[in-house]
Amino acid sequence: MTAHAGDEDGDWRDALGAAGELTPEIVARLLDAHGDRGRRAIDAVGEGRVKQYADFTVVVGHEDEYVVEDGGCTCRDSQYNLDPDDPDQRCWHVLAVEIAERVGEVDHHDMYYSEVRDFL
């Protein structure tokens, strides 16, 4: 994705990909674009709650685990409050995955989530 002038959302993603770390400037851009969802995403990444399995990427929330796939999420926020066709509208789980991938903080598991989920 190429950043465009005035495209704050693209700016933070591109800047984070280039920097490989959350700098104060990137955090400010992310929070400007996503507010509390951005803050929750940053917290989840910092707490190691983004998990990559062989079949899905999962973000561990405080009450459940949410599958993130192709920019969508299984959470209620994504299903009821956000426009799936608008890339600027993402739940904090999707944002957490985007951040974790760019800073190398995805926790990889060599197993299938569908198998792990049966034990939860």
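# Exercises on a predicted chain

Of this chain's 120 residues, 39% count as buried. Keep in mind as you work that the model is predicted. Have the structure open beside you and try each task before reading its solution.

## Exercise 1: Lay out the elements

**Task.** Find how many helices and strands the chain has, and in what order the elements run from the N terminus on.

**Solution.**
- Step 1. Count the elements: there are five helices and five strands.
- Step 2. Walk along the chain from the N terminus, and you will meet α-α-β-β-β-β-α-α-β-α.
- Step 3. Now look at contacts between residues at least 6 apart in sequence: 53% of them join residues at least 24 apart.

## Exercise 2: Build the sheet

**Task.** Work out the order of the strands in the open sheet, and say which are the edge strands.

**Solution.**
- Step 1. The sheet is open, holds five strands with mixed pairing, and has the order 4-3-2-1-5.
- Step 2. Look for strands that pair on one side only: these are strand 4 (72-73) and strand 5 (107-108), the edge strands.
- Step 3. Take strand 1 (residues 50-52) and strand 2 (residues 57-60): they run antiparallel and are joined by three bridges. In this pair, Q52 has T57 of strand 2 as its bridge partner.
- Step 4. Move on to strand 2 and strand 3, which pair in the antiparallel sense over four bridges. Here V59 stands opposite Y66 in strand 3, and a hairpin of four residues links the two strands.
- Step 5. Finish with strand 3 and strand 4, antiparallel again and joined by two bridges. V68 faces C73 of strand 4 in this pair.

## Exercise 3: A residue in a turn

**Task.** Decide whether D70 is buried or exposed, and describe its phi angle.

**Solution.**
- Step 1. Locate D70: this residue lies in the loop between strand 3 and strand 4. The hairpin there has two residues between the strands.
- Step 2. Check the backbone: D70 has a positive phi of about 50°, although D70 is not a glycine.
- Step 3. Check the surface: the relative accessible area of D70 is 80%, and exposed means over 50%. D70 is therefore exposed.

## Exercise 4: Explore the nonpolar cores

**Task.** Find which elements give two or more residues to the largest nonpolar core, and which gives the most.

**Solution.**
- Step 1. Start with the members: the largest nonpolar core has 26 residues, and V45, V50, V59, C73, A96 and I99 touch the most other members.
- Step 2. Sort by element: helix 1 (8-19), helix 2 (24-46), strand 3 (65-69) and helix 4 (92-103) each give two or more residues to this core.
- Step 3. Helix 4 gives the most, with eight residues.
- Step 4. Zoom in on V45. Leaving aside neighbours within four places in sequence, V45 is in contact with V50, A96, I99, A100, V103 and E105.
- Step 5. Look for a second, separate core: it has five residues, including Y53, V58, Y113 and V116.

A general idea goes with this exercise: in soluble globular proteins, nonpolar side chains tend to be buried together.

## Exercise 5: Two loop residues

**Task.** Say where L22 and E21 lie, and which residues each is in contact with, leaving aside neighbours within four places in sequence.

**Solution.**
- Step 1. L22 lies in the loop between helix 1 and helix 2, and E21 has its place in the loop between those helices as well.
- Step 2. L22 counts as partly exposed because its relative accessibility is 29%. E21 is partly exposed too, at 48%.
- Step 3. With those neighbours left aside, L22 is in contact with L16, V27, I42, I99 and V103. The C-alpha atoms of L22 and I42 are separated by 8.8 Å, and these residues are 20 apart along the chain.
- Step 4. On the same terms, E21 is in contact with L16, I26 and V103. E21 and E105 are 84 residues apart along the chain, with their C-alpha atoms separated by 9.8 Å.

## Exercise 6: Walk around the pocket

**Task.** Find which residues line the largest pocket, and how they divide by type.

**Solution.**
- Step 1. Give the space: about 250 Å³ lies in the largest pocket.
- Step 2. List the lining: R40, G61, H62, E63, Y66, T74, C75, R76, D77, C91, W92 and H93.
- Step 3. Sort the lining by type to get four nonpolar, four polar and four charged residues.
- Step 4. Sort by element: helix 3 (76-81) and helix 4 each supply at least two residues of the lining.

Terms used:
Residues are numbered from 1 along each chain as its sequence is written. This is a predicted model: local features need pLDDT of at least 70, side-chain atom pairs count only at pLDDT 80 or more; totals for chains, interfaces and linings use all residues. Side-chain values use heavy atoms; hydrogens and water are left out. A nonpolar core is a set of buried Ala, Val, Leu, Ile, Met, Phe, Trp, Tyr and Cys residues joined through side-chain atoms within 4.5 Å. Buried means under 20% relative accessible area, exposed over 50%, partly exposed in between (1.4 Å probe, protein chains only). Contact means heavy atoms within 4.5 Å. On a 1 Å grid over the protein atoms alone, a cavity is a set of points where a 1.4 Å probe fits but cannot get out, and a pocket is an open set with protein on both sides within 12 Å along at least five of seven lines; lining residues have an atom within 4 Å of a point. Grid points are joined across faces, edges and corners, and a volume is the space filled by probe spheres set on the points. Ala, Val, Leu, Ile, Met, Phe, Trp, Tyr, Cys and Pro count as nonpolar, Asp, Glu, Lys and Arg as charged, and the others, Gly among them, as polar. Two strands pair if DSSP finds at least two bridges between them.
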